[in-house]
Amino acid sequence: MPTPTYEPLANVTLASETLSVSFSSINQGYRDLVVVCTGKTPFNNTVFATFNGDTAALYSNVSMRGTGSSSATGSNVSQTKLDVTFDTFDANTIGNFIMNIMDYSATDKHKPVLSRSNNAGLVTVASAGRWNSTSAISTITFTFANGSSGFSSGTTFALYGIAS
Amino acid sequence: MPSAMTLVSTVTVGAGGASTIDFTSIPQTGTDLLIVLSGRATAAQQDSFVNLSLNGSTTGFSGKQLDGNGTTVGTANTTRDIGKIPAASSLAGVFGNRSLLFPNYSSSENKSFSLESVTENNTTANSMHLTGGIWANTAAITSVSLSVQSSSFAQNSAASLYIITKGSGGATVS
């Protein structure tokens, strides 16, 4: 029997509108992490991620997007948080994002992030990001928009570890 | 610790091809559904679209697609097609791949999905598609059927269906 490598680590389904969702004390025994989220937000805006509570200007990304009528690409450098969904989530259509963090527990490299984010009524997005830090990731925190509004009730977040 | 990802079934197309690849009686014990396809079509053309139906339904599908072919980038609104696979006139031995994820496939919400597909055959018919879609149906997904527009799947096309099971706890909300 092959050794299992894709393992469930944590999960939450929100019972009410929630400003912040965090996975903390993340098991350092895996190679990569995968976060899967599905849900809605009170209005159209973006989901951000920070690692280990770091809000310094250490996050960069490049993205491409298609709305069905227009396509675009963009980039951001030295941001204080990582844009994960690029205005994908809204109140009308259930959206999802999948975030892959490679070598999250390494202490000799910056942390690369690959994400896909989808809203069938708005846009599909692919992005590549980087956290400019050699620290192992022990906490991931997700917030919405400006942090004063939250994820809608019923939104789910799941964390998985991929073993090496 | 048990694995979150469990192979439910693999279908491999035999000699003579197949009009559809079907997964039925999908266990409802998982959280997310992952379908991986390696496909080639029998039509005498460069490539063919793959169509998706869920629980026998061909309606309620919509999405946003971003695509590129090495020359141009485009975007389109989609219904139930999930990208192209090489067909009989393309380079021999080349199959197109796609990965289709349905988070919360057994929930009572509409079913959003994320799709990545690619067809590379060393010709101008190369393409890749990224799609964010939805099946506007609150039923749990119990069956999946893949078909090829105006064609069939060629021998050695193969698809696998996995269920991914979430963990419990471990998250802090505020």
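## Close-up views of a predicted two-chain model

**Figure 1. Arg31(A), which is partly exposed with a relative accessible area of 40%, and its salt-bridge partner.** The structure shown is a predicted model, and across all chains it holds four salt bridges. In one of them, the side chain of Arg31(A) meets that of Asp103(A), with 2.2 Å between N and O. Because Asp103(A) lies in the loop between E8 and E9 of chain A and Arg31(A) in the loop between E2 and E3 of chain A, the pair ties together parts that are 72 residues apart in sequence. Asp103(A), at 14% relative accessibility, counts as buried, because the limit for that class is under 20%. Asp103(A) also forms a salt bridge with Lys109(A), and here the closest N and O atoms are 2.6 Å apart. Lys109(A) is itself partly exposed, its relative accessible area being 32%. Side chains of opposite charge can pair when their charged atoms come close.

**Figure 2. A salt bridge between Asp47(B) and Lys84(B), two residues of chain B.** The two side chains meet with an N to O distance of 3.9 Å, and the pair counts as a salt bridge because the cut-off is 4 Å. Asp47(B) belongs to strand E4 (residues 47–54) of chain B and Lys84(B) to strand E7 (residues 81–86) of chain B, so this pair ties together parts that are 37 residues apart in sequence. Asp47(B) is buried, with a relative accessible area of 17%, whereas Lys84(B), at 24% relative accessibility, counts as partly exposed. To return to the residues of the preceding view, salt bridges that share partners join Arg31(A), Asp103(A) and Lys109(A) into one network.

**Figure 3. Aromatic pairs, including two tilted pairs of phenylalanines in chain A.** A search of the whole structure finds 13 aromatic pairs over all chains. In one of these, the rings of Phe142(A) and Phe157(A) have centres 5.4 Å apart and planes at 35°, so the pair is classed as tilted. Phe142(A) sits in strand E11 (residues 140–144) of chain A and Phe157(A) in strand E12 (residues 156–162) of chain A, so their pairing ties together parts that are 15 residues apart in sequence. Both Phe142(A) and Phe157(A) are buried. The rings of Phe144(A) and Phe151(A) likewise form a tilted pair, because their planes stand at 50°, and their centres are 6.3 Å apart. Phe144(A) counts as buried at 0% relative accessibility, and Phe151(A) also counts as buried at 0% relative accessibility. Ring pairs link these four residues with Phe43(A), Phe89(A) and Phe97(A) into a cluster.

**Figure 4. A lysine over an aromatic ring in chain A.** Lys81(A) lies over the face of Phe48(A), and the distance given from the ring centre is 4.4 Å.

**Figure 5. The surroundings of Ser152(A), a residue of the loop between E11 and E12 of chain A.** Ser152(A) is buried, with a relative accessible area of 17%. When residues up to four places away in sequence are not counted, Ser152(A) touches Leu14(A), Ser16(A), Lys40(A), Thr41(A) and Pro42(A). Between Ser152(A) and Thr67(A), by contrast, the separation is 85 residues in sequence and 23 Å in space, taken from C-alpha to C-alpha.

**Figure 6. The interface of chain A and chain B, where the area buried is about 3100 Å².** Carbon and sulfur atoms give 61% of this buried area, and the contact takes 45 residues from chain A and 41 residues from chain B. The count between the two chains is one salt bridge, in which the side chains of Glu116(B) and Arg116(A) meet at 2.5 Å, N to O. Twelve residue pairs, with both residues at pLDDT 80 or more, are found in polar contact across this interface. Several strands of chain A each supply at least two residues of the side that touches chain B, among them strand E1 (6–13), strand E3 (32–39), strand E9 (111–119), strand E10 (123–131) and E12. The largest share of that side of chain A, eight residues, comes from E1(A).

Key. Residues numbered from 1 in each chain as written. Chains lettered and ligands numbered in written order. Predicted model: local features only at pLDDT ≥ 70, side-chain atom pairs only at ≥ 80, totals over all residues. Heavy atoms only, no water. Phe/Tyr/Trp six-rings, centres within 6.5 Å; stacked < 30°, edge-to-face > 60°. Helix = DSSP H or I, 4+ residues; strand = E, 2+ residues; numbered from the N terminus. Buried < 20%, exposed > 50% of the residue type's maximum accessible area, 1.4 Å probe, protein only. Lys NZ or Arg CZ within 6 Å of the ring centre and 35° of its normal. Contact = heavy atoms within 4.5 Å. Buried area = accessible area lost by both parts, 1.4 Å probe. Polar contact = N/O pair within 3.5 Å; in protein donor to acceptor, adjacent residues only side chain to side chain.
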